[in-house]
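Please open the structure in your viewer and keep the sequence panel beside it. At each stop you will be told what to select and what to look for there.

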Amino acid sequence: MPKLWQMDDYNECLESPGPGEPPGVYCGLSVVLKPNNRSELWKLIEEFSSDYKRHYNHQVLKWGVCIKRCQKAIEKLSPAERNALTVEPFPIDVRYKFNDGILKDIPTYRAAYKNVLEICVNKELNDTYGLVAHTEILSCDKSTDEVVIDALDMSFLIVLCALVCFVTLSSWYDSSINYKRTSDHYRHPLDSKRKMVWVSFSIQRNWYRLTSRSRDELNQKLRFFQAFRFITITLIIFGHFTMLLSVSPTTDTEKLERIMHNVGSMILTNGGQITQTFLGMSGVLLAIKFCSFVEKRKGKVSFLSVPYEILYRYVRLTPVYAFVILLHATWLLKLQTGPLWSWIAKTEQTFCRRNWWTNLLYINNYVHADEPCVQQAWYLGAEFQIFIIALIVLVTIVKIPRAKVLILGLMLLAGYVIPALFIYYQKLEGTYLVTLEAQRYLLWYDKYYLHAYIPTHINFGNYIQGVLTGLVYCELQKRSFNLAQSKVFSIVWHLTIVILPLSWLPSYMFYENDFPMPSVWMAAYFIMSKNLYGFGMGIIILGCIYGVNGVVKRMLNYPFFEPLGRLTYGAFLVHPFVMRFMFASVRAPVHYSDLLTLSLVFGATVMSLLMALVLCLLIELPTTALQNHIFGSFKEQKSSPVDPETVTNGTNQSLLNTGHEGKKG
């Protein structure tokens with residue numbers, strides 16, 4: 001079969017032209033093969049591509065073509081030969097391009113080069129395979145293209161310069177009042193609130209906040225969460241790496257298709273479930289902190305605290321998030337070039353300039369989800385929405401204690417029934433199908449991604465199960481019951497660690513078979529298998545809190561996990577930015593060996609953490625310190641349920657942040 005990727009030399013094509021020569025033009029194309037039932041090769045392509053769950057659609061090829069080469073290749077063809085290589089329009093019922101209007105210059109390039117490219121491509125296809133195709137221009141680069149800097153680009157530079165100035169001045173001021181020249185100065189609060197505001201951006205003080213370890217008993221019990229965060233973000237980076245393998249030009253497309261035929265690959269294919277770890281931890285931490293708040297207030301809780309907590313959480317998450325959105329909307333496109341760069345970077349810039357408001361309102365997993373800005377941030381939208389619901393539920397069960405079991409039961413039931421109804425009526429499979437073909441378009445238009453992965457109602461159950469886990473822990477604490485002394489729980493805990501990843505293997509049957517839809521049993525299987533992960537994580541978290549396995553807990557409590565865990569929020573936001581440079585800047589198809597794959601994953605993880613460190617010291621920790629000073633007087637009055645505890649360094653740092661937020665106190 002024709003190779004899925006074929007690319008001319010990009011650098012050679014765009015070399016500076018000589019005097020009087022036209023500029024070099026390099027275009028990225030989608031080549032859609034025209035059906036030809038008289039061709040045995042076409043029948044093979046059609047049959048092989050029909051397994052759409054595990055194979056690419058080999059009717060659609062991706063080419064990178066130099067216009068100069070094409071013009072030379074067809075210059076000797078007669079008008080009759082050119083006409084024979086021009087394809088009449090034919091029905092195309094497969095995805096072969098991004099939606100129109102994303103890349104604004106494409107109509108101009110299509111008008112100028114469509115005929116030349118189609119004749120050139122069809123000459124090569126016809127000579128080699130006896131086939132012809134419809135050619136669609138996706139992007140074009142010219143040797144005369146210049147970098148254009150607009151007002152939004154300048155605004156990013158102004159914001160960045162302002163942040164650097166704030167950090168520099170704050171650090172200088174903090175150092176100048178360190179009269180004893182000791183490091184303890186940065187660990188302790190200053191003698192006035194005004195001074196503490198001035199040193200909010202101090203890099204020395206924020207470094208100690210990043211690397212400090214809390215001596216609080218509850219924080220010590222939950223210290224392993226930092227290791228969970230770091231391990232989870234590493235696995236997420238690995239999962240996104242495999243997706244980008246399907247997007248970028250590779251010589252190993254058949255290797256990826258073979259992997260999809262292995263039952264064991266389901267552990268990798270269903271790795272998207274790993275994001276449920278963050279949801280489960282969010283629910284656990286929210287419930288535990290809420291219980292502590294209720295105990296301190298002796299059961300006096302008001303619904304008026306809910307808007308405050310929503311605002312506090314919004315201010316906590318949004319500054320660094322908005323900075324990353326602004327980066328994607330401005331300078332991402334200008335930092336690299338390549339035959340794929342327009343597909344990957346220009347689309348991101350367009351989406352972020354169009355749809356940034358959906359991100360900042362945390363509704364991006366529903367509104368314009370098929371044109372995502374900072375695509376992985378669908379999680380932030382879903383988690384923020386569930387946080388609001390869960391907080392209202394927790395306040396309600398305190399206000400109406402007799403209905404506690406009923407309310408929590410109904411919430412858990414909703415977490416199972418509502419998603420099952422959506423799966424049934426939308427005629428979806430019994431598992432979230434991750435197909436190679438959908439990944440070629442970054443899942444933007446994939447119905448399984450849009451309806452069975454990112455919606456809040458699909459992810460609601462595991463968060464609520466996390467809340468229940470936290471409430472179970474609070475109840476066990478009241479009764480002074482130690483799970484570590486239960487042999488039955490110890491056996492269940494160790495079995496859960498083994499069974500949890502193995503529970504993904506049965507999903508292979510949905511890749512192997514085409515079951516009739518809609519189906520009640522598939523809807524039930526989808527929800528049970530998805531929420532089984534959250535249930536298992538609840539068992540694992542309880543076991544780690546009580547130290548069921550001392551060796552595991554000591555490993556998870558190693559000091560180096562503390563700062564790494566605190567950097568996961570930033571790493572979560574920036575790791576696709578890093579990976580774009582690894583994949584979207586390639587100039588030709590690459591052979592990805594297993595060793596190279598591991599090396600790239602390791603490199604992406606390290607670079608993401610380094611960028612996260614810069615964002616943490618530049619934005620995240622300073623704005624958190626300012627936030628705590630601004631909200632401080634109100635918090636003293638309200639002592640809010642999910643609000644941070646004042647720690648020894650004098651700034652209110654998050655004791656039990658939810659989701660990706662790190663424990664910084």
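The tour goes from the domains to a pair of helices, then to empty spaces and finally to two details of the backbone.

**Stop 1: the domains.** Before you begin, keep in mind that this is a predicted model. Colour residues 5-142 as domain 1, residues 151-206 as domain 2, and residues 222-237 together with 250-631 as domain 3, since the protein is divided in this way. If you then look at domain 1 and domain 2, you will find that their C-alpha centres lie 55 Å apart.

**Stop 2: two helices that pack.** Select helix H6, which covers residues 151-176, and helix H8, which covers residues 203-211. How are H6 and H8 placed relative to each other? Their axes are 7 Å apart and meet at an angle of about 90°, and H6 and H8 are therefore roughly perpendicular to each other. To see where they touch, show the side chains of Val 167, Ser 171, Asp 174 and Ser 175 on H6, and those of Ile 203, Gln 204 and Arg 205 on H8, which together make the contact. Coloured by character, the residues of this contact of H6 with H8 divide into two nonpolar, three polar and two charged.

**Stop 3: the largest cavity.** A search of the whole structure finds eleven cavities of 30 Å³ or more, and the largest cavity holds about 160 Å³ of space. To find the largest cavity, select Asn 270, Gln 273, Thr 431, Tyr 432 and Lys 530, which lie nearest its centre among the 14 residues that line it. Now add helix H23, residues 520-546, because this helix gives the largest share of the lining of the largest cavity, three residues. The lining of the largest cavity divides into five nonpolar residues, eight polar ones and one charged.

**Stop 4: the second largest pocket.** Which residues lie nearest the centre of the second largest pocket? Select Asp 145, Glu 146, Val 147, Leu 333 and Lys 346, which hold that place in a lining of 27 residues, around a volume of about 850 Å³. Strand E4 (133-142) and helix H15 (341-360) each supply at least two residues of this lining, and the largest share, six residues, comes from H15. With your domain colours still on, you can check that domain 1 and domain 3 each give at least three residues to the lining of the second largest pocket. The lining of this pocket is made up of nine nonpolar, seven polar and eleven charged residues.

**Stop 5: two backbone details.** Go to the loop between H15 and helix H16 (378-399), where Tyr 362 lies, and look at its phi, which is near 55°, a positive value in a residue other than glycine. Then move to the loop between helix H22 (508-512) and H23, where you will find Pro 518. A cis peptide bond joins Met 517 and Pro 518, with omega about 0°.

Terms used: Residues numbered from 1 in each chain as written. Predicted model: local features only at pLDDT ≥ 70, side-chain atom pairs only at ≥ 80, totals over all residues. Heavy atoms only, no water. Domains from an automatic or database assignment. Axes fitted to C-alpha atoms, helices over the stretch in contact; angles between N-to-C directions. Helix = DSSP H or I, 4+ residues; strand = E, 2+ residues; numbered from the N terminus. Parallel < 35°, antiparallel > 145°, perpendicular 65-115°, else oblique. Contact = heavy atoms within 4.5 Å. Nonpolar A, V, L, I, M, F, W, Y, C, P; charged D, E, K, R; others polar. 1 Å grid on protein atoms, 1.4 Å probe; cavity = no way out; pocket = protein on both sides within 12 Å on 5 of 7 lines; lining within 4 Å. Points joined across faces, edges and corners; volume = space filled by probe spheres on them.
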